Amino acid sequence: MNRKALVGIIIIMSISLIGLLGVQFYWIRSASSVKEASFRRSVNEAMAKVVYKLERLEKWRAAEINPFPGMLSFNPHLDYSLFITPSEMDSLISLELNIRGVDTRYLFGIYKPELDLFILENSSDYRNQLIQKGYAYPLFSYDMFSTPEYLLIYFPYERQFLLTELWGMLLISIVLIVVIVYTFTYTITIMIRQKKISDMKSDFMNNMTHEFRTPISTIALACEALGDQEIPKSEKVYENYIHMIREENSRLSILSERILQASVLEKGQLKLQREQVDLHTVIRDVIKSIRIQVEIKDGVIHTNLKAKPSKLQGDKVHLTNLVYNLLDNATKYTPRKPEIRIRTENSGEGITLSVQDNGPGIPKQEQKKVFDKLYRIPTGNIHNVRGYGLGLSYVKAIVGEHHGKINIDSEISKGTSFKIYLPYKIPD
Ligand SMILES: Nc1ncnc2c1ncn2[C@@H]1O[C@H](COP(=O)(O)OP(=O)(O)O)[C@@H](O)[C@H]1O
Ligand SMILES: [Mg+2]
């Protein structure tokens with residue numbers, strides 16, 4: 001997939017996600033206003049009923065007290081204390097509210113605005129709120145002799161009550177959105193990484209095919225020349241050709257080692273060939289092939305191979321590459337006079353191998369990252385040194401396959417030491 005398509009997908013997905021968020025937000029808002037309206041309606045209905053019952057109670061009581069009212073029917077309504085108590089009022093209200101599903105704390109009071117007087121209330125602490133934010137219902141509006149009075153009701157937890165009803169929906173939406181955003185970013189990072197890897201792989205393949213050609217044709221030419229009867233061969237000519245073949249051959253083996261490294265790019269490609277491998281022989285072989293590079297830089301390799309027995313179960317090719325990689329890094333990244341120390345010793349049920357150099361060292365914050373695929377430390381002039389950033393991830397993968405452990409110990413401008421533990425026997 002090319003860059004444009006990737007960017008396109010990211011943009012499209014982001015826009016759809018924002019759109020989705022917007023729609024969600026809109027739905028929740030409209031759901032909450034629907035809830036609010038229905039809450040208001042229920043309260044209105046309940047209170048209309050309360051007002052109706054209250055007025056009827058007053059009529060009955062008035063009829064009881066004065067069965068023949070005559071002209072008195074135009075008198076002001078009875079005093080509340082004559083037909084209802086605050087607690088009766090409370091149960092009347094709570095009954096009507098509960099029937100309509102309004103199940104949250106409320107405060108009520110009967111208020112006469114002209115006298116600024118409260119009667120029949122269930123608490124006197126909330127008078128201000130009752131007046132300012134309460135719902136108001138006129139009482140005895142037909143009674144022309146009394147000053148206007150209102151039944152006020154106020155729900156201190158109205159918002160919370162409406163929210164709890166929406167809470168489940170809100171929560172599910174939030175969870176789903178978080179999940180989508182998370183998987184989205186995760187997918188994108190994987191896509192980007194995958195793209196980087198696949199780019200790098202085709203680069204790698206191109207380079208490789210190119211680099212393979214020269215040694216192969218050189219070796220072919222040398223063989224042809226050696227086999228050709230017509231070319232006179234002195235001892236010197238033989239030497240030359242054989243030297244040539246050897247050189248090209250070692251180039252080929254380095255190339256094949258790099259191809260193996262590329263296998264860490266694809267998980268599951270690493271398959272160990274289990275056999276008994278003498279780690280000391282492996283180390284000595286690698287030293288032989290890398291000695292020239294160290295000597296060119298005026299460096300030395302010290303060995304202190306103490307492990308006994310030095311044989312362990314493993315894959316010889318991969319273990320050789322592992323040691324080669326560590327020595328290669330130690331040589332490559334130490335700018336002058338590398339002093340490399342290789343040690344082995346027994347520890348527990350296996351061998352500990354350590355490779356130490358006197359190079360530039362690896363900063364603490366980079367020490368974990370150097371094992372990542374394609375990672376190269378971005379600072380310093382290290383990039384005069386060629387590499388793909390695959391060596392250490394390969395080493396780590398190999399150590400993992402052998403059920404071993406790898407540790408890094410490094411100090412800036414003092415040097416770096418890699419310690420690798422490999423068990424004698426790979427558990428099944
Ligand atoms: N012995 C070392 N001393 C200093 N830096 C090192 C050493 N070994 C590895 N590094 C750093 O770790 C990075 C990753 O190493 P590696 O995976 O072998 O990749 P490559 O050698 O191809 O760059 C290197 O680019 C280098 O910056
Ligand atoms: Mg390397």
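**Salt bridges, helices and domains in a predicted model**

I would like to begin with D199, which is partly exposed, with a relative accessible area of 38%. Please keep in mind throughout that what we are looking at is a predicted model.

The partner of D199 is K195, and the two side chains meet in a salt bridge, with a distance from N to O of 3.1 Å. Both D199 and K195 belong to helix α4, which covers residues 158–227, and they stand 4 residues apart, about one turn of the helix. K195 has a relative accessible area of 17%, and since buried means under 20%, K195 counts as buried, whereas D199, at 38%, is partly exposed.

In the structure as a whole there are 16 salt bridges, and I will take a few more of them in turn. In helix α1, which runs over residues 3–65, we find E36 and R40, again 4 residues apart, about one turn of the helix. Their side chains form a salt bridge at 3.8 Å, N to O. Here E36 is partly exposed at 22% relative accessible area, and R40 is likewise partly exposed, at 40%.

Which parts of the chain does the salt bridge between R274 and D428 link? The side chains of R274 and D428 meet at 3.4 Å, N to O. This pair joins distant parts of the chain, with R274 in the loop between α5 (235–262) and β5 (275–278), D428 in the segment after β11 (415–423), and the two positions 154 residues apart. R274 is partly exposed, with a relative accessibility of 43%, while D428, at 87%, is exposed.

There is also a network of salt bridges, and the residues linked in it are E45, K53, E96 and R100.

Let me now turn to helix α5. With 28 residues at 1.5 Å a residue, α5 should span 40 Å, and the C-alpha atoms at its ends are 41 Å apart, so the expected span and the modelled one agree. The buried residues in α5 are E248, L252, L255, E257, Q261 and A262. What lies over these buried residues of α5? The cover includes α4, α7 (316–333) and α8 (391–401).

One contact from the α4 side can be given by residue. T218, which is found in helix α4, touches M244 and E248, leaving aside residues up to four places away in sequence. T218 has a relative accessible area of 19%, and therefore it is buried, the limit being under 20%; E248, as I said, is among the buried residues of α5.

Helix α4 also carries W167, which is partly exposed, with a relative accessible area of 46%. Together with L171, V175 and V179, W167 forms a nonpolar patch on the surface, and the accessible area of these residues taken together is about 370 Å².

Finally, the domains. The chain is divided into domain 1, covering 3–156, domain 2, covering 162–265, and domain 3, covering 275–423. How many Å separate the centres of domain 1 and domain 3? Taken over C-alpha atoms, the separation is 80 Å.

To come back to where I started, then: D199 and K195 meet in a salt bridge within helix α4, and this helix is also part of what covers the buried residues of α5.

Technical notes: Residues are numbered from 1 along each chain as its sequence is written. Chains are lettered from A and ligands numbered from 1 in the order in which they are written. This is a predicted model: local features need pLDDT of at least 70, side-chain atom pairs count only at pLDDT 80 or more; totals for chains, interfaces and linings use all residues. Side-chain values use heavy atoms; hydrogens and water are left out. A salt bridge is a side-chain nitrogen of Lys or Arg within 4 Å of a carboxyl oxygen of Asp or Glu. Buried means under 20% relative accessible area, exposed over 50%, partly exposed in between (1.4 Å probe, protein chains only). The expected span of a helix is 1.5 Å times one less than its number of residues. Contact means heavy atoms within 4.5 Å. Patches are made of residues with over 30% relative accessible area and no salt bridge: like charges are joined within 9 Å, nonpolar side chains (Val, Leu, Ile, Met, Phe, Trp, Tyr) within 5 Å. Accessible areas come from the Shrake-Rupley method with a 1.4 Å probe; for residues, only the protein chains shown count as cover. Domain bounds come from an automatic or database domain assignment.
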